[in-house]
Amino acid sequence: MTILITGAAGFIGYHTAKRCCEEGLEVIGIDNLNDYYSVELKHGRLAQLAAYPNFRFQQMDIVDKGALMELFQTHAFTDVIHLAAQAGVRYSLDNPNAYAESNLIGFLNMLEACRSYKPAHFIYASSSSVYGLNGKMPFSVEDRADCPISFYAATKRANELMAYSYSHLYGIQTTGLRFFTVYGPWGRPDMALFKFSKAILENRPIDIYNEGQMSRDFTHIDDIVESIVRLRLRPPSWRASLEAGESQVTAGKVYNIGRGQPVKLLDFVDCLEMTIGIKAQRRLLPMQAGDVVETWADVTALAEWVEFYPTISVETGVASFVKWYRDYYRV
């Protein structure tokens, strides 16, 4: 059994590949190793994965359709976990073309490869940002998601619609993952926990937007990975769709992957200060374009399908990140 994980040098991709290797699966990981953030950190993750004899890495960009098709032809992938994408809400305001290439053209190339070579299950990363200006809380997968307020969010919603159409037309079993504010060891430097920790330890102020009047459904990476590996074993099926009473039969599903418990941003900072043992210099700033005030996941559908509720508390999760950060950067 060989699975493909795209974005294997990324935050979620690394942890997912590590877990799959530990479960004895043959894993092929690909990544274009772009410089959106520290390439050194990406190589650090890959160095950890290199310790597993059942992991193989190939540097590749999913925008290169020819190379992607050749990869699928060479390996009979049973499952594809597609986590490669241009990440970041705010960067999409500055460089939308990068998102169009990776998140739209690259995603289409992945669907075409799956159409041609028929893996049993195509799992892909979406985002809680697709809910946009939806004011109903908590966010449910049954809610409308047609008001994205960033181009990044628009590309992720487009991915869901593209996957749905390929499921309907070609019978590809697809599962979309609407991730909610993922954090933990080996996390991305552009995310709040990483930036806050770095600034506090360097005695610099931290920027808190909307004057801290925000909340996020912070979800630890271990809960994210547990959800992914369980969903891999439970692809949607035509029969399941019929039993659910859907008006249109398809083999495509979407799930919220979140903790299900929003935390106020200022409480999150309090927790980080206590863990590090240093008081932060807080710089309160206005709301940023493309951002939302609150996120909160309704994970009922996920729990019903895979019998799992994310459980890791913010206190435990922040402590795990700070320990990794201190060890990795020797601070």
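Which residue in strand 5 is the bridge partner of Val80? The partner is Phe122, and that pairing is a handy way into this predicted model. From there, we can look at strand 5 and its neighbours, then turn to a pair of packed helices.

**Strand 5 and its surroundings**

- Strand 5 covers residues 121-127, and seven of its seven residues are buried.
- Neither face of this strand is left uncovered: on one side sit His121, Ile123, Ala125 and Ser127, on the other Phe122, Tyr124 and Ser126, all of them buried.
- Phe122, the partner of Val80, is thus among the buried residues of strand 5.

**Pairing with strands 4 and 6**

- Strand 4 (residues 77-82) runs parallel to strand 5, and four bridges join the two.
- Strand 6 (residues 174-179) is also parallel to strand 5, joined to it by six bridges.
- Within that second pairing, Phe179 of strand 6 stands opposite Ser127, one of the buried residues of strand 5.
- Strand 5 and strand 6 also belong, together with helix 6 (residues 151-170), to a right-handed β-α-β unit.

**Helix 7 against helix 10**

- Helix 7 (residues 192-201) packs with helix 10 (residues 265-276) at an angle of about 45°, and their axes lie 11 Å apart.
- Because of that angle, helix 7 counts as oblique to helix 10.
- The two helices, 7 and 10, cross in a right-handed sense.
- On the helix 7 side, the contact involves Leu193, Phe196, Ser197, Ile200 and Leu201.
- These residues meet Leu265, Phe268, Val269, Leu272 and Ile276 of helix 10.

Terms used: Residues numbered from 1 in each chain as written. Predicted model: local features only at pLDDT ≥ 70, side-chain atom pairs only at ≥ 80, totals over all residues. Heavy atoms only, no water. Buried < 20%, exposed > 50% of the residue type's maximum accessible area, 1.4 Å probe, protein only. Pairing = 2+ DSSP bridges. Right-handed = clockwise from strand over helix to strand, strands pointing away. Axes fitted to C-alpha atoms, helices over the stretch in contact; angles between N-to-C directions. Parallel < 35°, antiparallel > 145°, perpendicular 65-115°, else oblique. Left-handed = near helix turned anticlockwise from the far one by under 90°. Contact = heavy atoms within 4.5 Å.
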